[in-house]
Amino acid sequence: MDTSLDTASPTLQRWLTGPRFSGLPMRNADLPAPKLSFEFFPPRTEALEQQLWACIKRLEPLAPRFVSVTYGAGGSTQARTHAIVSRIARETGLVPAAHLTCVGATRVDVDAVARRYWEAGIRHIVALRGDPPPGSAYEPHPGGYPYAVDLVAGLKMVADFEISVAAYPEVHPAASSPMADLENLKRKLDAGATRAITQYFFETSTYLRFLDLCLAAGITAPIVPGIMPVSNFAQAVKFSDMCGASVPAWMGRLFEGTDDDPETRRMVGMVIAAEQVRLLQANGVDEFHFYTLNRPDLTYAIAHVLGVRARVAA
């Protein structure tokens, strides 16, 4: 790759000349504390329900911009998602965002769910095409919203929601080409979405190259990097294979020999994610979305390293 400054893009020039390549260590105090948001998923058992609320309570004092709650494949957790989002709005000081998908529902049904959110005071929706049930290919529901861009436009007709959508630095697995994927992202934002949140990635340069492509395509909305702290490397590899995220060889080497040492795995995962965020900060990124997997400790520790401090309740 030609890495001369004359031929490098503006983002790559920042990457090549920024603190990562300066040879100078950067103290945490040199960077402002970033803005954070967190993602949770609906639990399937009573024990996991308790784990979720312990996670929410642990992270609430960090005062994130918002927290989102996912949908299961095929829209399988709609009722649980609604219940959790509504309870977050009622019982915490957090700003909740509800995931909403196109899968398995008519437009009338989706619009009705959106109206219930609005009536419950939920003003932020994460609008996604959604995953089909396991083992099935995606097929638009007859009478439903075919794709996320249609869902975004429909939601804006229901109410003036703040809408976040998904972006894929390594290309959506179902996209016909990287350019088609980028054009689809632009259509979602043009339809009324406020920001895009990326699929997680592990190479910082992957996001920076993607950001350059977005800017070249005329996308000016925030592209918030999704960060997934890893404590179980084998599980992360398996999940990444399914969603099209690459796992670099260097990451595997860092986790070598820790299969029976969960504490060391957590420490390694914290260091990897904290360094990733600090490098992105050094290149001008100031907002991050953490996929918590309903386990708060890694996210909390990383936030602390980045200068985010818990707010003491009055």
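The paragraphs below go from the overall make-up of this predicted model to two residues with an uncommon backbone setting.

Taken as a whole, the protein is built from 12 helices and 9 strands, and of its 314 residues, 46% count as buried. Contacts across the sequence add to this picture: when those with a separation of 6 or more are considered, 79% of them are accounted for by residues that stand 24 or more positions apart. On the outside, the accessible surface of the protein comes to about 15300 Å², and carbon and sulfur atoms hold 55% of that surface.

Two loop residues deserve a separate look for their backbone angles. Ala63, although it is not a glycine, has a positive phi of about 50°, and its place is in the loop that runs between helix H3 (46-59) and strand E2 (67-69). With a relative accessible area of 32%, Ala63 is partly exposed, because that category covers values between the 20% below which a residue is buried and the 50% above which it is exposed.

Further along the chain, Val171 is likewise not a glycine and has a positive phi, here of about 75°. Val171 lies in the loop that leads from strand E5 (162-167) to helix H7 (178-190), and its relative accessible area of 24% makes Val171 partly exposed. A reader tracing the backbone can therefore find Ala63 between a helix and a strand, and Val171 between a strand and a helix, with Ala63 partly exposed and Val171 partly exposed as well.

Conventions:
Residues numbered from 1 in each chain as written. Predicted model: local features only at pLDDT ≥ 70, side-chain atom pairs only at ≥ 80, totals over all residues. Heavy atoms only, no water. Helix = DSSP H or I, 4+ residues; strand = E, 2+ residues; numbered from the N terminus. Buried < 20%, exposed > 50% of the residue type's maximum accessible area, 1.4 Å probe, protein only. Contact = heavy atoms within 4.5 Å. Areas by Shrake-Rupley, 256 points an atom, 1.4 Å probe, with all protein chains shown as cover.
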